[in-house]
Amino acid sequence: MSQDQGTGLLLLGVGGGGCRLAASVRAAYGEGMQVVCVDTDAQPLRTAAGAGMTTVLLGGSRLSGHGTGGDAILGRLAAQDDLEALRAQIHNVRTVVILACLGGGTGGGATPEIVKALHDMGLATVCFVTRPFVFEGEARAKSADRVLPMIEEHADTLIVIPQDDLFSDAHKDLLGDAIQVSESLISAGVTLLWRLVTKPGFIQLDPERLHKMVLQGGSARFGFASASGADRARQAVEALKSCRLLRKGDSLSKANALMFGILAGADLRLAEIGEAMGALRSFVPQSCLIEMGTVLDAQYEGRIELVALSFESWVAAVARSAPKAKETVPPAAAEPPVADIFPIQPGSRRSRAKGSKLSFGATGRGKFRDVEPTLYEGQDLDVPTYIRRGITLER
């Protein structure tokens with residue numbers, strides 16, 4: 001059993017961009033991470049399989065492994081074709097972290113279908129999705145915006161990462177260089193989050209706490225920062241506060257809940273943890289719930305790295321007792337409805353009309369005396385209500 005099967009965590013890459021991100025996260029993390037890559041293009045999946053990752057080809061019978069050509073509708077149909085094949089690869093999982101790049105065919109088309117399927121399986125989902133660079137064109141941006149509401153409908157937590165925020169100077173570089181840099185930054189941040197759960201230090205951010213927070217997450221923001229030197233704890237928090245992904249601190253100042261990780265080497269001091277938490281507490285709301293964990297790893301020796309998930313729409317789950325049912329009269333005991341006033345008022349034009357008589361005889365049944373009575377709950381409805389109730393009408 002892999003390490004992640006014990007934590008109930010699964011990393012799922014969707015589409016070409018999502019699979020590249022998943023491969024990058026796994027390379028940075030090392031062995032023991034449970035990863036599944038799904039795509040409509042067979043060639044990248046062969047590379048992923050060669051690296052030891054589980055792969056699922058979507059829409060093989062429809063597309064023959066040649067991809068969607070950027071057609072999101074084909075991506076959606078391909079996902080629908082092979083959802084059962086994906087379900088078969090998910091074992092002992094409670095929380096799925098999904099990576100996808102929107103704007104293309106498989107990432108944009110398949111991701112909403114996969115998120116819905118995972119939701120129907122009862123799994124918690126954390127979706128990291130990227131929006132295209134501005135220079136990739138308006139068509140890709142619109143394609144991403146169209147599918148975001150579909151993903152949000154079923155995702156428990158959705159983190160949208162604008163690539164321009166990751167790489168603010170992208171216009172000075174080639175497209176390929178900018179995408180490579182942004183993907184490395186995203187994978188580094190997700191890797192830090194993964195280490196918090198699987199490789200704890202002084203304080204563990206256990207899978208159950210992650211699972212519960214994700215289920216109520218809604219829309220979230222993701223950011224990370226690092227610093228080294230004598231004043232590294234305070235500097236790292238200041239860098240986190242200025243992170244563009246967290247809207248330069250605005251997301252932190254409005255957070256209802258925050259998942260916060262401190263990653264460092266064996267030289268981490270408890271005083272630094274207190275300093276980082278104190279600095280963080282100074283600019284998040286007083287009522288903000290902070291779930292914090294630490295990771296001690298030799299590769300972070302000499303520096304501190306911080307990772308944060310900021311939830312603005314998070315609301316704590318409150319157990320509510322069912323409202324007390326109102327006492328109602330059983331239908332069998334209820335009387336037929338009766339009008340408050342007699343429908344024909346004395347002296348009205350209708351009561352004076354020729355041939356109009358109100359004569360019901362001694363029995364009260366009038367013209368209905370030779371007719372089978374209309375009985376309801378033991379009462380003869382052919383007899384006017386005022387007679388049944390002994391009410392005398394004024395003449």
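How do the residues lining the largest cavity divide into nonpolar, polar and charged? The split is one-sided: 9 nonpolar, no polar and no charged. Bear in mind as you look around that this is a predicted model.

**The cavities**

There are 2 cavities of 30 Å³ or more. The largest cavity, at about 50 Å³, is lined by L9, V97, V126, L193, W194, V197, L210, V214 and L309. Helix α10 gives the most to this lining, with 3 residues, and both α10 and α11 (207-215) supply at least two residues each.

The second largest cavity holds about 30 Å³ of space. Its lining is made up of L83, L86, R87, I90, I114, A117, L118 and M121, with α6 and α7 as the elements that give two or more residues. By class, that lining comes to 7 nonpolar, no polar and 1 charged residues.

**The largest pocket**

Now for the open space. The largest pocket has a volume of about 420 Å³. It is lined by 30 residues, and the closest to the pocket centre are G16, G17, R20, G104 and R140. Among the elements, α2 (15-29), α7 (106-120), β5 (124-131) and α10 (175-198) each put at least two residues into the pocket lining, and α2 gives the most, with 5 residues. The lining of the largest pocket has 7 nonpolar, 16 polar and 7 charged residues.

Here are the three spaces side by side:

| Space | Volume | Nonpolar lining residues | Polar lining residues | Charged lining residues |
|---|---|---|---|---|
| Largest pocket | about 420 Å³ | 7 residues | 16 residues | 7 residues |
| Largest cavity | about 50 Å³ | 9 residues | no residues | no residues |
| Second largest cavity | about 30 Å³ | 7 residues | no residues | 1 residue |

**Helix α5 and its surroundings**

Which residues of helix α5 (residues 72-81) are buried? They are G75, A78 and A79. These residues cover an arc of only 100 degrees around the axis, so they sit on the same side of α5. The partners they pack against are α4 (60-63), α6 (83-87) and α7. At the start of α5, D71 has a side-chain oxygen within 2.9 Å of the backbone nitrogen of I73.

**Two loop residues with positive phi**

Just before this helix, have a look at the loop between α4 and α5, where you'll find S64. S64 isn't a glycine, yet its phi is positive, near 55 degrees. Is S64 buried or exposed? S64 counts as exposed because its relative accessible area is 53%, and the cut-off is over 50%.

N92 is another non-glycine residue with a positive phi, in this case about 55 degrees. N92 belongs to the loop between α6 and β4 (95-101). With a relative accessible area of 57%, N92 is exposed too.

**E305, a buried glutamate**

Finally, take a look at E305 in strand β10 (residues 303-311). Its relative accessibility is 14%, so E305 counts as buried, the limit being under 20%. What does the side chain of E305 make a polar contact with? The partner is the side chain of R303, at 2.7 Å.

Setting aside neighbours within four places in sequence, E305 is also in contact with L192, A225, S226, G261, I262, L263 and Y300. One of these, L192, falls within the residue range of α10 (175-198), the helix that gives the most to the lining of the largest cavity.

Note on methods: Residues are numbered from 1 along each chain as its sequence is written. This is a predicted model: local features need pLDDT of at least 70, side-chain atom pairs count only at pLDDT 80 or more; totals for chains, interfaces and linings use all residues. Side-chain values use heavy atoms; hydrogens and water are left out. Helices (H or I, at least four residues) and strands (E, at least two) are DSSP runs, numbered from the N terminus. Buried means under 20% relative accessible area, exposed over 50%, partly exposed in between (1.4 Å probe, protein chains only). A polar contact is a pair of N or O atoms within 3.5 Å; within protein, one must be able to donate a hydrogen and the other to accept it, and residues adjacent in sequence count only if both atoms are side-chain atoms. Contact means heavy atoms within 4.5 Å. On a 1 Å grid over the protein atoms alone, a cavity is a set of points where a 1.4 Å probe fits but cannot get out, and a pocket is an open set with protein on both sides within 12 Å along at least five of seven lines; lining residues have an atom within 4 Å of a point. Grid points are joined across faces, edges and corners, and a volume is the space filled by probe spheres set on the points. Ala, Val, Leu, Ile, Met, Phe, Trp, Tyr, Cys and Pro count as nonpolar, Asp, Glu, Lys and Arg as charged, and the others, Gly among them, as polar. The arc is that of the directions from the helix axis to the C-beta atoms.
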